[in-house]
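The following explanation introduces a protein structure to a reader who has not met it before. The sequence and the structure should be kept in view while reading.

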Amino acid sequence: MRTRIKICGLTGSEDALAAAKAGADALGLVFYPPSPRHVEIDQAWSIIDVLPAFVTTTALFVNPEPGLVKSVIQGLQIDLLQFHGDETPAFCEQFERPYIKAVRMQPDTDLAELSRRYATARALLLDTYVKGVPGGTGEAFNWDWVAPSKRDDACLPIILAGGLTPENVAQAIQTVRPWAVDVSGGVEVAPGEKSERRIQSFVTAVNASAAFPKT
């Protein structure tokens with residue numbers, strides 16, 4: 001099975017086009033002001049406006065006011081919502097749009113229970129837990145926690161994030177066998193500034209992993 005690829009934290013159209021041309025399936029836009037990758041709606045529109053067909057867009061929020069989410073939905077052609085805070089299922093569902101729920105992984109995180117709780121989500125995005133930081137830490141968690149043998153058939157599709165780079169993503173896929181991988185800082189030269197070379201290296205490594213035998 002081919003592992004899908006999301007490049008997150010885009011802040012400019014050139015980086016977005018580079019990601020699309022390299023073969024990214026999805027791009028992420030961050031609507032969280034404390035993040036160095038934060039974009040305003042007008043800035044996000046300039047990115048979305050240049051994208052070719054079959055590249056989907058995701059809007060990332062962290063404990064947002066409902067009005068912000070509604071403004072993004074109304075102002076942009078967003079395909080998917082991503083909630084990266086402590087949002088409840090009811091909060092995520094109120095916008096009547098497809099969404100994914102981020103999970104900050106710890107040794108005792110129960111993916112089966114989370115899959116039941118967020119049953120309407122399209123996937124769970126697994127990120128690294130760092131106290132007080134909702135994401136974008138650049139650190140990886142222990143992938144063995146979510147190896148296929150630790151998950152049952154009722155688990156929602158897994159999007160693996162947290163500390164992924166062109167150098168380690170193949171091993172991450174080999175260990176976790178996720179539906180998709182999500183990278184931001186691992187393909188940057190500075191927060192919010194992507195490296196075309198590293199994006200291409202990341203995509204190449206992900207695609208090559210399809211040839212690895214399953215463990």
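**A guided reading of the model**

At 82% relative accessibility, Phe54 counts as exposed, because the threshold for that class is over 50%. Phe54 is placed in the loop between α2 and β3. Its backbone has a positive phi of about 70°, although Phe54 is not a glycine. The model to which this residue belongs is a predicted one. A positive phi in a residue other than glycine is also found at Arg177, where the value is near 55°. Arg177 is located in the loop between α6 (169-176) and β8 (180-183).

The loop that holds Phe54 also holds Val55. Is Val55 buried or exposed? Its relative accessibility is 14%, so Val55 counts as buried, the limit for that class being under 20%. Beyond its neighbours within four places in sequence, Val55 is in contact with Ala20, Ala24, Asp25, Leu27 and Asp79. Val55 and Ala16 are separated by 39 residues in sequence, and their C-alpha atoms are 10.0 Å apart in space.

One of the contacts of Val55, Leu27, leads to another part of the chain. Leu27 belongs to strand β2. With a relative accessible area of 2%, Leu27 is buried. When residues up to four places away in sequence are not counted, Leu27 touches Ile7, Leu10, Ala16, Ala19, Leu51, Val55, Thr56, Thr57 and Thr58. Between Leu27 and Leu10 there is a separation of 17 residues in sequence, while the distance from C-alpha to C-alpha is 7.2 Å.

The helix that precedes the loop of Phe54 and Val55 may be considered next. Which residues of helix α2 (residues 41-48) are buried? They are Ala44, Ile47 and Ile48. These residues cover an arc of only 95° around the axis, and therefore they lie on the same side of α2. The packing partners of the buried residues of α2 are α1 (13-22), β2 (26-30) and β3 (56-61). Strand β2 is thus both a packing partner of these residues and the strand that contains Leu27.

Attention may now turn to a pocket. The second largest pocket holds about 310 Å³ of space. It is lined by 17 residues, of which Ala26, Thr56, Leu80, Ile159 and Trp179 are the closest to its centre. Two strands, β1 (4-7) and β3, each supply at least two residues of this lining. By residue class, the lining of the second largest pocket divides into 9 nonpolar, 3 polar and 5 charged residues. Thr56, which is among the residues closest to the centre of this pocket, is also one of the residues touched by Leu27.

The description closes with the protein as a whole. How many helices and strands are there in the protein? There are 7 helices and 10 strands. Along its principal axes, the C-alpha trace spans about 45 × 40 × 30 Å. The radius of gyration is 16 Å, which agrees with the value near 17 Å for a compact globule with 215 residues. Of the 215 residues, 52% are buried. Among contacts between residues at least 6 apart in sequence, 56% join residues at least 24 apart.

Key: Residues numbered from 1 in each chain as written. Predicted model: local features only at pLDDT ≥ 70, side-chain atom pairs only at ≥ 80, totals over all residues. Heavy atoms only, no water. Buried < 20%, exposed > 50% of the residue type's maximum accessible area, 1.4 Å probe, protein only. Helix = DSSP H or I, 4+ residues; strand = E, 2+ residues; numbered from the N terminus. Arc of directions from axis to C-beta. Contact = heavy atoms within 4.5 Å. 1 Å grid on protein atoms, 1.4 Å probe; cavity = no way out; pocket = protein on both sides within 12 Å on 5 of 7 lines; lining within 4 Å. Points joined across faces, edges and corners; volume = space filled by probe spheres on them. Nonpolar A, V, L, I, M, F, W, Y, C, P; charged D, E, K, R; others polar. Rg over C-alpha atoms; globule rule 2.2 N^0.38 Å.
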